[in-house]
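Me: I am new to reading protein models and would like some help. Could you show me what to look for, one feature at a time?

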Amino acid sequence: MKKIINFFLTLSGILLLGSGVFAADLKVGFVYVGPPGDFGWTYQHDQGRKAVEKAFGDRVETTFAENVPEGADAERVMTQMALSGHDMIFATSFGYMDPVMNVAAKFPNVKFEHATGYKRADNVSTYSARFYEGRSVIGHIAGKMTKSNVVGYIASFPIPEVVRGINAAYLAAKAANPNVKFKIVWVFTWFDPAKEADAANALIDQGADVLMAHTDSPSPLTVAEERGVFAFGQASDMLQFGPNARLGSIIDDWDPYYIARVQAALDGTWESTDTWDGLAPGMAALGGFHEKIPMDVRAEAMNLAVAIAGGRTHSFTGPINRQDGSAWLAEGETADDGTLLGMNFYVEGIEGDIPQ
Amino acid sequence: MDFSSIDPVILIASLIVASTPILLAATGELIVEKSGVLNLGVEGMMIIGAISGFIVCVELNSPLLGLIGAALGGGFLSIVFGIVTQVLRANQVASGLALTMFGLGLASLLGHSYTGIKPPYLSTPDIPFFSEIPILGKILFQHDFVVYFSIISVCLVWYFFRATRFGLIIKAIGENQDSAHALGYNVIKTRILTIFIGGCFAGLAGGYLSLVRVPQWTEGMTAGAGWIALALVVFSSWKPLRLFVGAYIFGGFTILQLNLQAIGIELSVALLSMTPYIVTIIALVIISSSKKQGGSSTPGSLGKVFMEAQ
């Protein structure tokens, strides 16, 4: 047994030496919550990683760890990355927030980039996209396209980002169709195709004819295609999963940000920042609209997207009340980022409670 | 909140479908464990079944061949486990865990060019007369044949271990491998056979996921179903018919809680999400602690390495 252990120790030593010989200027690690082949959230982050490799060639070496559970495992994986010579680590899920802070405190020379979080340090930046801007646009389309006036919404975890997306989609759908109702199912997972499909089926059984999802796999779209209702691509375009069902999509485009941050790290100009870009810079982008959407609705949706991108309108423009009827935004007032980042309430009109 | 909008017939019909993968995988694992082998690689065999079934189905344009391919894919992977643990006598727990990791990795490699493809749908056989019975017809007789296969196979496995000679031999090997060996039964060959059959069941379960229930290929799509199947075997205390109780309760509450959320019930969603696990555990604890049963029903040689020389 001891011999075997020695053998592996030697082997790993050789491998470490080997990697030292071919060392790139910068070693960048990516931590994924799902598999790169999910064709959704993680897929887009992995596209970003590939864009970095393409942009910098041999100067940058990238590695990734997939299917890393949020919590203690993430801390272990990132510690391992930091120990094995990574200079920069992209942690690409909200639930990695505390693990990132813990590991970052132990490795002050490693630069951390945490997606969708709100805790920062000298060596921890945060970045996210204003997906809610895209959700306003597809919410408008959903409101116009539903015949049963029931929109089904598959939600993952009750965190501000997901709640914000529901609110933005609901407000836009309500503005487009005053009779619209949202039915929301929380699945408490980012990635479980079978469970997401079950949730989609349950919502369709309960009368929903347009589905929105805030989970990572394309399976709700597949179910929508099979059962003849509408749905949207989420995180990635997903057109191939539901050619008849997919009305549009919100696409996360991380490539420019990842390249810029790696460039900054190479130049020595990297510092802790907080980035929250929306439709305008294209971090949240819209996929093509389906031809089944009437021309006028397509034009309205396009105008809404352009207005949001141009800063002429905001997804959360008053008057808006909270679910309990108390006033949130006065006439013409727009939401501040602080409230949006910590959003833990539904707006007026949405039924049900946010799980606590 | 309007309970009447949940149609119990649709609910039961969809819970049967949702439970089928775990029921199939658990049936296979039960056969394996009855012979005294603990194969923790169910998840890995399921995902290999999911992708190999998907590939066969898409390439040959036949869902039926796809399901056969799924079963064989899982079966072949299990042979790796069989050789490692039975011939090379490696530790079963470690080998099983490795099998899961290997399966997940191999599946994503194989499936690389198969994402985003729509497989041909598995048609539902038309059962005349029976499917037209009100209520029962819709619950029982409007499914695809894999559902029927899963139900029938549980019953057959029950009969097999209860009343057939070979079933009793497998049980004897699982209870006491040395005595069975002394009686002249070939422990290793029998175990490799049960491991293969278990692998086929797990593969079929995976194929059902990728070809019928979701239908698409996504990396990691089994998402822990294999582990639930493993737990079901333990909770059913190695009694085949109890797999029905476990699988259908688990599947039922999964579907029910999603439907309850969809109609907007005023209950903690976190609590609702826990119910499938809690209710399954409670139900199986109750039935496995009933007085009729004497002592533990764990196969005596479960997980032990068989050394012929002893």
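Reply: Happily; we will go through the two chains, then their contacts, then a few local details. Keep in mind as we go that this is a predicted model.

Me: Let's begin with secondary structure. How many helices and strands are there in chain A, and how many in chain B?
Reply: A good habit is to count the elements of each chain before anything else. Chain A has eleven helices and 14 strands. Chain B has twelve helices and zero strands. Reading chain B along its sequence gives α-α-α-α-α-α-α-α-α-α-α-α.

Me: And how compact is chain B for its length?
Reply: Here you compare a radius of gyration with what a rule for globules gives. For 310 residues the globule rule gives 19 Å, and chain B has 20 Å, so chain B is as compact as a globular protein of that length. Its C-alpha trace spans about 65 × 50 × 40 Å along the principal axes.

Me: What does the comparison give for chain A?
Reply: A compact globule of 356 residues would have a radius of gyration near 21 Å, and the 22 Å of chain A agrees with that. The C-alpha trace of chain A spans about 70 × 40 × 35 Å along its principal axes.

Me: What share of the residues is buried in each chain?
Reply: For burial, you look at how many neighbours surround each residue. In chain A, 52% of the 356 residues count as buried. In chain B, buried residues make up 50% of the 310.

Me: I have heard that contacts can join distant parts of a sequence. How do I read that here?
Reply: Set aside the contacts between sequence neighbours, then ask what share of the rest joins residues at least 24 apart. In chain B, among contacts between residues at least 6 apart, that share is 80%. In chain A, residues 24 or more positions apart account for 64% of the contacts with a separation of 6 or more.

Me: Which domains is chain A divided into?
Reply: Watch the numbering when you read domains, and look for plus signs. Domain 1 of chain A is 22-129 + 254-277, and domain 2 is 131-252 + 283-341. The C-alpha centres of these two domains lie 28 Å apart.

Me: How do the two domains of chain A touch, and which elements take part on the side of domain 1?
Reply: Count the residues first, then see where they come from. In chain A, 17 residues of domain 1 are in contact with 17 residues of domain 2. On the domain 1 side, the elements giving two or more residues are helix H2 (41-56) and strand S11 (274-277) of chain A. The largest share there, four residues, comes from H2(A). By class, that side divides into ten nonpolar, five polar and two charged residues.

Me: Can you show me how to read a strand pairing?
Reply: Ask which strands pair, in what sense, and over how many bridges. Strand S1 (residues 26-31) and strand S2 (residues 60-65) of chain A pair in the parallel sense over six bridges. As one example, the bridge partner of Leu26(A) is Val60(A) in S2(A). Together with H2(A), S1(A) and S2(A) make a right-handed β-α-β unit.

Me: Which element of chain A gives the most to the side that touches chain B?
Reply: An interface can be read just like a domain contact. Here 31 residues of chain A are in contact with 31 residues of chain B. Strand S7 (181-186), helix H7 (193-205) and helix H8 (219-227) of chain A each supply at least two residues of the chain A side. H7(A) gives the most, with nine residues. The chain A side has 15 nonpolar, ten polar and six charged residues.

Me: Where is there a cis peptide bond?
Reply: For this, look at the omega angle. The bond from Gly318(A) to Pro319(A) is cis, with omega near 5°. Pro319(A) is found in the loop between helix H10 (295-309) and strand S13 (320-321) of chain A.

Me: Last one: is Asn61(B) buried or exposed, and what about Ala223(B)?
Reply: Count the neighbours around each one. Asn61(B) has 11 C-beta neighbours inside 10 Å, so Asn61(B) counts as exposed. Ala223(B) has 22 inside 10 Å and therefore counts as buried. Look at phi too: Asn61(B) has a positive phi of about 55° although it is not a glycine, and phi of Ala223(B) is near 45°, also positive. Asn61(B) is in the loop between helix H2 (42-60) and helix H3 (63-87) of chain B, while Ala223(B) is in the loop between helix H9 (187-213) and helix H10 (225-235) of chain B.

Definitions and conventions. Residues numbered from 1 in each chain as written. Chains lettered and ligands numbered in written order. Predicted model: local features only at pLDDT ≥ 70, side-chain atom pairs only at ≥ 80, totals over all residues. Rg over C-alpha atoms; globule rule 2.2 N^0.38 Å. Buried ≥ 20, exposed ≤ 12 C-beta atoms within 10 Å, placed from the backbone. Contact = placed C-beta atoms within 7 Å. Domains from an automatic or database assignment. Nonpolar A, V, L, I, M, F, W, Y, C, P; charged D, E, K, R; others polar. Pairing = 2+ DSSP bridges. Right-handed = clockwise from strand over helix to strand, strands pointing away.
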